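Here is a short round of questions and answers on one chain. Look it over, then read on.

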Amino acid sequence: LLLNRCMRRLRSVLRIHWNQTMKTRRKIESTKEGPRDKYRKTSTGKDEQLLAAPVDIEDTVPYHSPAWEPAGWRQVLAGIRQMRAANPPAPVDTMGCDVERAESGTLDDKQKRFHVLVSLMLSSQTKDEVNFAAMGRLISHGLTVDSVCETPEATIASLIHPVGFWKTKAKHLKAAAEICRHQHQGDIPPDMEGLKALPGVGPKMAFLTMNCAWNKVVGIGVDVHVHRIANRLGWTRGATKTPEQTRLALEHWLPRELWREINHLLVYFGQTVCSPVNPRCAQCSVNQLCPSSKVKKSVQ
C-alpha cells in the first residue's frame with residue numbers, strides 16, 4: 001500500500017514537471033520564430049485577420065524622426081553666429097537677393113518682389129558680386145514686369161552678361177515676366193507651385209522667394225553652400241547627394257523658427273570660412289565640434 005502511494009505521488013510530480021517543460025519550450029520556440037501566425041493563412045486558405053498592420057521600414061528609421069538631432073548643433077550654430085557678428089560681412093550680407101539697394105525705396109511692393117525673383121534667377125552658378133552688378137544694370141535699364149516683357153531678349157542678355165548661363169537666363173526672364181503679367185496681374189506667383197512653374201525657378205529659388213519676397217517661411221532654401229556645410233557638420237545624418245535631399249534632412253530636425261536664418265548663416269560661413277576647397281578649419285571657432293574638421297580634437 002505504501003509503495004502504491006509513493007508511485008502515484010512520483011507520477012504526479014513527473015506529470016507537472018513535464019507540462020512545465022513543454023510550456024517553456026513552446027514559449028522559446030515562438031520567440032525564435034516570431035509572430036508568423038499573424039500573417040500566414042489558415043488551414044482553410046482564408047487570410048487571417050492581421051493583429052497589427054505591417055510597418056513601413058521608413059517609419060522605423062531614425063533618420064526621418066524629429067526626435068533625432070545632431071549632437072552639439074546648438075553650440076555650432078551659436079559659434080557661427082558669433083563669427084558672423086565679429087568679422088567683416090560676406091558677399092551674401094551686402095549683395096544678397098534680399099539686400100535693399102539705394103533705389104529700392106522708390107519701388108512699390110510688386111516691383112520689390114519682382115526684383116527679388118530676378119536676383120534669385122540670376123544667382124545660380126554666379127558669384128554674388130557678378131549678380132549684384134548685373135542687377136544694377138537691369139535696374140538702370142528698367143526692371144519691372146512690363147519692361148522685361150517689352151525688352152528684346154538680346155538686350156536682356158547683354159545686360160546680365162557675364163552671369164552664368166546668361167543666354168538661357170535671358171530667355172527664362174522673358175518667359176517668367178510674361179507669366180507674371182498675364183497670370184498674376186503683374187505680380188510674382190504667391191505660392192510654391194506657381195513659383196516652380198516659372199521657367200528657370202527650382203525649389204531653392206522658390207523657397208527663398210517665398211521667404212524674402214513674400215515673408216513666408218515654407219521651407220529651407222538649400223544652395224551649394226548649405227548643402228556642403230550641412231554634410232560637413234553631420235547635420236544630415238548620413239551623406240546626402242542633392243540639395244533637395246539636404247533640405248528634407250534639415251527640415252526633419254531643425255526647429256522651424258530657424259528656417260529663415262539658416263540659409264544666410266550657412267552661406268556666410270561657406271563664403272568666409274568653410275570654403276569648398278581648403279576650408280579654414282584653423283580659424284574656425286567650432287572646429288572642435290565639427291566631425292569634418294582638419295584640426296586635431298583637444299582632449300577634454
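Q: What does the accessible surface of the chain come to, and what share belongs to carbon and sulfur atoms?
A: This is a predicted model, where local features need pLDDT of at least 70, side-chain atom pairs count only at pLDDT 80 or more, and totals for chains, interfaces and linings use all residues. Residues are numbered from 1 along each chain as its sequence is written, and side-chain values use heavy atoms, with hydrogens and water left out. Areas come from the Shrake-Rupley method with a 1.4 Å probe, and for residues only the protein chains shown count as cover. The surface is about 17900 Å², and the carbon and sulfur share is 55%.

Q: How many helices and strands does the chain have?
A: Helices are DSSP runs of H or I with at least four residues, and strands are runs of E with at least two, numbered from the N terminus. The count is zero strands and 13 helices.

Q: What percentage of the 300 residues is buried?
A: Buried means under 20% relative accessible area, with a 1.4 Å probe and protein chains only. The buried part of the chain is 39%.

Q: Which element gives the most to the largest nonpolar core?
A: A nonpolar core joins buried Ala, Val, Leu, Ile, Met, Phe, Trp, Tyr and Cys residues through side-chain atoms within 4.5 Å. The largest has 37 residues. Elements giving two or more include α5 (128-141) and α8 (166-183). With seven residues, the top giver is α4.

Q: Which residues does L138 touch, leaving out those up to four places away in sequence?
A: Contact means heavy atoms within 4.5 Å. L138 is one of the core residues that touch the most other members. Its partners are V118, L122, L143, L159 and I160.

Technical notes: Buried < 20%, exposed > 50% of the residue type's maximum accessible area, 1.4 Å probe, protein only.
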